[in-house]
Amino acid sequence: MAAGTLYTYPDNFRAAKALIAAKYSKTEVKVAENFVFGETNKTKEFQRKFPGGKVPAFEGRQGQLLQDSNAITFFLADDQLKGKTDYDKAQILQWIGFAEGEVLPAACAWVFPILGIIKGNPSTEEAISRAKSDMKVTLNILNNHLLTRTYLVSERISLADIVVACNLLNPYKYVLDPEYRKPYVNVNRWFNTLINQPQFKAVLGDVTLCAKPAQLATVPAAIPSKDGKKKKDEKKQEKKEKSKKETPKKEEPEEELDAADEVLAAEPKSKDPFESLPKGTFNMDEFKRVYSNEDESKSIPFFWQKFDPENYSIWYGEYKYPEELTKVFMSCNLITGMFQRLDKMRKQGFASVCLFGEDNDSTISGVWVWRGQDLAFTLSPDWQVDYEVYNWKKLDPASDETKKLVQEYFSWTGTDKMGRKFNQGKIFK
């Protein structure tokens, strides 16, 4: 049995292929806990097993290592899913190639800019228009093939169905509205049949088909949420335990650098944009350690006790376009994407950014702290991607209003200006 652990982030359609195949073959596959995209897969330990750090990645109980979604799906599938005859197997490979070469490029070019997963540019609208046309060609091919067939290959569900359906999952959820998908009766019947199978539902849950196409995002968001729906206090406890377990012993020899590490070590370090500003007395690293390991009843008073208002400032940022926010997870991707593009700012910056409200009725805002008295984003061209879609207000550290905001945002409590309840937050540190 090809049992093992799958490393992925939530709602990854590529990982869904493997998990669905595992359900059909009754293979025991565990999704790795505490996996944080952009952190876990960037560690040396992870990249020794999976060079490049791509996910999904699979580690079998007997040491098998795979990190291509279709390879993992094939490895976890039983003989029925792989095809009984050589001709069935060849057809399945043909449809997997079709899914990757025809379905996926059109799906990504259309859906990813709308979800904010990739950055929009002046040619994005044209690219989406081409993707819509390409998707029609793709769906016509599928529709004609399924005119006299229940499934893509033979009379039972195979890897061909799983892979093609998962690659169509995001289009069906976000852009293929009733009018667009109306001509493709056979494809719609096939897709609905699949997503209502117990094995599909166990992985995907209830899939709601698109009623109204999502609109193009005004700012890029990048990849899925780092922390999913974990509660903040659970994350803190995990970090405490991890810190205790991973503290290196002094007598251990220094690890040898592999080739990738040597390249990174040889690269010149970029200049710290904060370098020209006074350091002051506020120790950002010390505060972050306290915040990560102590309850807010201790960490927030500690912040005020140590804060240096002469050399550090506190800012409130509010997203300018709340009317364009739709799904909560998409909105959270906006926050995650901004954090990732500000990675080099972490040393002298801290923020708690929160989403208030629910699907189709939400806002994003946050409290930021950094060295200096001006907007930090102007210090580096690399940091000027997202900040202009926020309204920024410098806060008075001595005011009661600021103290209240810091209390609420650092502890993830309260409501926004319109009374929307806190939904979830992300910490930049």
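Helices here are DSSP runs of at least four residues, numbered from the N terminus. One thing to keep in mind as you work: this is a predicted model.

**Exercise 1. Find out which helices line the second largest cavity, and which gives the most.**

Solution. Start with the list of lining residues: Phe13, Leu104, Ala107, Cys108, Val111, Phe112, Asn167, Asn170 and Pro171. Next, sort them by helix. Helix H5 (86-115) and helix H8 (169-174) each supply at least two of the lining residues. H5 gives the most, with five residues. Now look at the classes: the lining has seven nonpolar, two polar and no charged residues. To round off the picture, this cavity has a volume of about 40 Å³, and the count of cavities of 30 Å³ or more comes to three.

**Exercise 2. Work out how helices H1 and H7 run relative to each other, and what kinds of residues make their contact.**

Solution. Begin with the geometry. The axes of H1 (residues 13-25) and H7 (residues 159-167) come within 9 Å and cross at roughly 150°. Angles over 145 degrees count as roughly antiparallel, so H1 and H7 are roughly antiparallel to each other. The crossing in which H1 passes H7 is right-handed. Then pick out the residues that touch: Phe13, Ala16, Lys17, Ile20, Ala21 and Tyr24 come from H1, while H7 brings Leu159, Ile162, Val163, Cys166 and Asn167. Sorted by class, that makes nine nonpolar, one polar and one charged.

**Exercise 3. Describe how H5 packs with H6.**

Solution. First, the axes: H5 and H6 (residues 124-145) lie with their axes 8 Å apart, at an angle of about 145°. Second, the handedness: H5 passes H6 in a left-handed crossing. Third, the residues: on the H5 side they include Trp95, Phe98, Glu102 and Trp110, and among those they meet in H6 are Ile128, Lys132, Asp134, Met135 and His145. Finally, the classes: this contact has 14 nonpolar, three polar and three charged residues. Ala107 of H5 deserves a second look, as it takes part in the contact with H6 and also lines the second largest cavity.

**Exercise 4. Locate the cis peptide bond and the residue that has a positive phi although it is not a glycine.**

Solution. Take the peptide bond first. Val55 and Pro56 are joined by a cis peptide bond, with omega about 5°. Pro56 sits in the loop between helix H2 (44-49) and strand S3 (57-60). Now for phi: Asp11 has a positive value of about 60° without being a glycine. You'll find Asp11 in the loop between strand S1 (4-7) and H1.

Terms used:
Residues numbered from 1 in each chain as written. Predicted model: local features only at pLDDT ≥ 70, side-chain atom pairs only at ≥ 80, totals over all residues. Heavy atoms only, no water. Axes fitted to C-alpha atoms, helices over the stretch in contact; angles between N-to-C directions. Parallel < 35°, antiparallel > 145°, perpendicular 65-115°, else oblique. Left-handed = near helix turned anticlockwise from the far one by under 90°. Contact = heavy atoms within 4.5 Å. Nonpolar A, V, L, I, M, F, W, Y, C, P; charged D, E, K, R; others polar. 1 Å grid on protein atoms, 1.4 Å probe; cavity = no way out; pocket = protein on both sides within 12 Å on 5 of 7 lines; lining within 4 Å. Points joined across faces, edges and corners; volume = space filled by probe spheres on them.
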